[in-house]
Amino acid sequence: MEKLETNRGVSLRSIWKYRETGLALILILMCAVLSVVTTTFFTSDNLINILKQTTLVCIIAIGQTFVIISGGIDLSVGQSMTLGSMVLAYSLKGGYPLILSMLLAIVASMAVGFSNGALITKLHLPAFIITLGMTNIVKGIILVLSEGNIVLLNNDVIADIGRGSLGPIPWMVMILVAIAAVCIFLLNKTVLGNRVKAVGGNETAAKLSGIAVDRTRILVYTIAGLLCGIAAIIVTGRLNGGNPNAAGTYDMDSIAAVIVGGTALSGGAGSIVGTVLGALLMVLIRNGLVLLRVNIYWQTVAIGVVIIAVCAIDAFTNARKQQ
């Protein structure tokens, strides 16, 4: 009996070591508080709205997780998604078949990711500089092609992907669940995942152990582009067309979700589940502030405070563990 209780105690302590446990408890606590202080939070419409808002950030942030774990960063994800969306809209407007148009959208976003990886590895410049430059290049291309105009669509399939549902569950949420499951497997159970962590943890040691560091980096950025392409299809359905300004704050939101989810900017380790919870936390805070009728400008301040606070607490906790 004593042995069983001891094992149970060890098991509980091991659960508390995970960052995801703390995030999950924070989310539960926030939901409980918002349910009490507002009358509209715990309604099916609002909860589905939260899931929809989280989905796009999550999909992009999952790709960002791979990049940051590998020791990089991608500031171009928002424009990469927008480029894919515009390519999809123009392809459908031009009479191309639906499947081909969707593939072209994904390829366009993957091309941005591949270019980032290739330039970082070949020019040996910081990822911050390359992806910042790529953001402006892609944004310029989008504006030149569209002349700043929105491309409206009338495609039922694309609209259903972005706004439809199977019963109460939106299609986009089911797409997110499938992507998250695949990426969790890739990161934790495959050789690729181990190589990504090794490259981010110690690039020199990774090279000495025979890992093709440059190839791994290029692949990681291409994966990020692939997920931006999938997000592009969803955002096109949500907006009912291609919008050259669709990028919004997805680049910063994706990075924030990854950091809040526990992935260190220095690379080497991270969690897809943590990223999903981090994205959900950010959206939940915004939703709660809207329901409480907080000024939109103060909402932005609150998000910034949360990011700094979570990172500070994490740094303090890690420092205590090392003592």
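Hi everyone. Let's start at Ala246, which sits in the loop between strand 4 (241–242) and helix 12. This is a predicted model, so please keep that in mind as we go.

Is Ala246 buried or exposed? With a relative accessible area of 11%, Ala246 is buried. Leaving out residues up to four places away in sequence, Ala246 touches Met81, Thr82 and Leu239. Met86 is also worth finding on your screen: Ala246 and Met86 are 160 residues apart along the chain, and their C-alpha atoms are separated by 9.4 Å.

Now let's walk on from that loop into helix 12. Helix 12 covers residues 250–260, and 10 of its 11 residues are buried, so this helix is largely enclosed by the rest of the structure. Which residues are these? The buried ones are Tyr250, Asp251, Asp253, Ser254, Ile255, Ala256, Ala257, Val258, Ile259 and Val260. Just after helix 12 comes Gly262, with a positive phi of about 105°.

Please hold on to Val258 from that list, since it brings us to another helix. Thr65 belongs to helix 3, residues 44–69. What does Thr65 touch, once residues up to four places away in sequence are set aside? Its contacts are Val258, Thr263, Ser271, Ile272 and Thr275. Val258, as we just saw, is buried in helix 12. Thr65 has 0% relative accessibility, so it counts as buried too.

Let me step back and show you the whole chain. The protein chain has 14 helices and 4 strands. Along the principal axes, its C-alpha atoms fill a box of roughly 70 × 60 × 35 Å. How does the radius of gyration look for a chain of 323 residues? A compact globule with 323 residues would come out near 20 Å, and this chain has 21 Å, which agrees.

What share of the residues is buried? The figure is 46% of the 323 residues. The accessible surface of the chain comes to about 16,400 Å², and 67% of that belongs to carbon and sulfur atoms. As for contacts, take those between residues at least 6 apart in sequence: 78% of them join residues at least 24 apart.

Next, a helix you can follow from end to end. Helix 5, residues 98–123, has 26 residues. From its first C-alpha to its last, helix 5 reaches 37 Å, close to the 38 Å expected at 1.5 Å a residue. What follows helix 5? It is His124, and the phi of His124 is positive, near 55°.

Two other residues have a positive phi, and neither is a glycine. Glu147 has a phi near 55°. You will find Glu147 in the loop between helix 6 (127–146) and strand 1 (151–152). At 65% relative accessibility, Glu147 counts as exposed. Then there is Arg293, with a phi near 60°. Arg293 lies in the loop between helix 13 (272–291) and helix 14 (296–322). Arg293 is exposed as well, with a relative accessible area of 77%.

On to the aromatic rings. How many aromatic pairs does the structure hold? There is 1. The partners are Phe41 and Phe42, in a tilted arrangement: 6.4 Å centre to centre, with 45° between the planes. These two differ in how they meet the surroundings. Phe41 has 0% relative accessibility and counts as buried, whereas Phe42 is exposed, with a relative accessible area of 61%.

Last topic: cysteines. How many disulfides does a search of the whole structure find? The search finds 0. Why does Cys58 not form one? The closest cysteine sulfur to that of Cys58 is in Cys183, and because the two sulfurs are 11 Å apart, they are too far for a bond. Looking from the other side, the cysteine sulfur closest to that of Cys183 is in Cys58. Both residues are out of the way of the surface: Cys58 counts as buried at 1% relative accessibility, and Cys183 is buried with a relative accessible area of 6%.

To wrap up, I suggest going back to where we began. Find Ala246 in its loop before helix 12, follow the chain into that largely enclosed helix, and then look for the contact between Val258 and Thr65. Thanks for listening!

Terms used. Residues numbered from 1 in each chain as written. Predicted model: local features only at pLDDT ≥ 70, side-chain atom pairs only at ≥ 80, totals over all residues. Heavy atoms only, no water. Buried < 20%, exposed > 50% of the residue type's maximum accessible area, 1.4 Å probe, protein only. Contact = heavy atoms within 4.5 Å. Phe/Tyr/Trp six-rings, centres within 6.5 Å; stacked < 30°, edge-to-face > 60°. Expected span 1.5 Å × (residues − 1). Disulfide = S-S within 2.5 Å. Rg over C-alpha atoms; globule rule 2.2 N^0.38 Å. Areas by Shrake-Rupley, 256 points an atom, 1.4 Å probe, with all protein chains shown as cover.
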